Amino acid sequence: MGVFLLKKIKILCVGKASKQFCRDGCDEYLKRLKPFYDVTVTEIPEQPTVKKECDEMLKRISGCCILMDVLGEQIASEDLADILKNEHQRTDEIVFVIGGASGVDDRIRTNAKRRLSFGRVTYPHQLARLLLCEQLYRAATIINRIPYHK
């Protein structure tokens, strides 16, 4: 009997989830994602400059890099499901990057295969992480035809 390896998703973000409601929400969606993906969250400590934060992020990016960016492409949940499905056919790991309060530098933008947005409003990075976790779970349910997304 062979071993089934789950595809990987890494959430790479600056700063810790210090707000309890954000931690609780992320933990809930990460738990729900376990049957579908091997998901890890890597927190980069806040640095004195964006350059230093991005230096640390670049060391940890492998596979397909998707930057969460207020100026990125606005997509529907079904589009995110298609992105996950299609990118995981090409690579075993997708890395979602969430910058800190001052964003990211151009090295991250040019390294990213895609730039996605949850809209033109700016969210605190902790809330953006919670939204991403929920949307990843929603995408997994769409892909697997589980009645969560309506």
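**Close-up views of the predicted model**

**View 1. Strand 3 gives the most to the lining of the largest pocket, with four residues.** The model shown here and in the views that follow is predicted. The largest pocket holds about 410 Å³ of space. Its lining comprises 22 residues, and those closest to the centre of the pocket are Met68, Asp69, Val70, Thr122 and Tyr123. Two or more lining residues come from each of strand 3, strand 5 and helix 5.

**View 2. The open sheet is built from five strands with parallel pairing.** The strand order is 2-1-4-3-5. The edges are taken by strand 2 (38-44) and strand 5 (114-117); each has a single partner strand, so one side of each is left without a neighbour in the sheet. From one strand to the next, the twist averages 30°.

**View 3. Strand 3 (residues 64-74) and strand 5 run parallel and are joined by five bridges.** Within this pair, Ile66 of the model stands opposite Arg114, a residue of strand 5. Helix 3 (residues 77-90) packs on the sheet and touches strand 1 (8-14), strand 3, strand 4 (93-98) and strand 5. The direction of helix 3 makes about 135° with that of strand 4. Helix 5 (residues 125-143) also packs on the sheet, where its contacts are with strand 1, strand 2, strand 3 and strand 4. Between the directions of helix 5 and strand 1 the angle is about 170°.

**View 4. Strand 1 is mostly covered, and pairs with strand 2 in the parallel sense.** Six of the seven residues of strand 1 are buried. Seven bridges connect strand 1 with strand 2. Opposite Val14 stands Ile44, which belongs to strand 2. Strand 1 is also among the strands touched by helix 3, and helix 5 touches strand 1 as well. In a regular strand, side chains point alternately to one face of the sheet and the other.

**View 5. Helix 2 (residues 50-59) has Glu53, Cys54 and Met57 buried.** Viewed down the axis of helix 2, the buried residues fall within an arc of 95°, so they line one face of the helix. Lys51 and Lys59 lie on the other side of helix 2 and are exposed. The packing partners of the buried residues are strand 1, strand 2, strand 4 and helix 4 (106-111). Of these partners, strand 2 is an edge strand of the sheet.

**View 6. Gln135 is a buried residue of helix 5.** The relative accessible area of Gln135 is 16%, and buried means under 20%, so this residue counts as buried. Apart from neighbours within four places in sequence, Gln135 is in contact with Ser77, Leu80 and Phe118. Helix 5, which holds Gln135, is one of the elements giving two or more residues to the lining of the largest pocket.

**View 7. Arg145 lies in the segment after helix 5.** Arg145 is not a glycine, yet its phi is positive, at about 55°. The relative accessible area of Arg145 is 75%; exposed means over 50%, so Arg145 is classed as exposed.

Terms used: Residues numbered from 1 in each chain as written. Predicted model: local features only at pLDDT ≥ 70, side-chain atom pairs only at ≥ 80, totals over all residues. Heavy atoms only, no water. Pairing = 2+ DSSP bridges. Axes fitted to C-alpha atoms, helices over the stretch in contact; angles between N-to-C directions. Contact = heavy atoms within 4.5 Å. Buried < 20%, exposed > 50% of the residue type's maximum accessible area, 1.4 Å probe, protein only. Arc of directions from axis to C-beta. 1 Å grid on protein atoms, 1.4 Å probe; cavity = no way out; pocket = protein on both sides within 12 Å on 5 of 7 lines; lining within 4 Å. Points joined across faces, edges and corners; volume = space filled by probe spheres on them.
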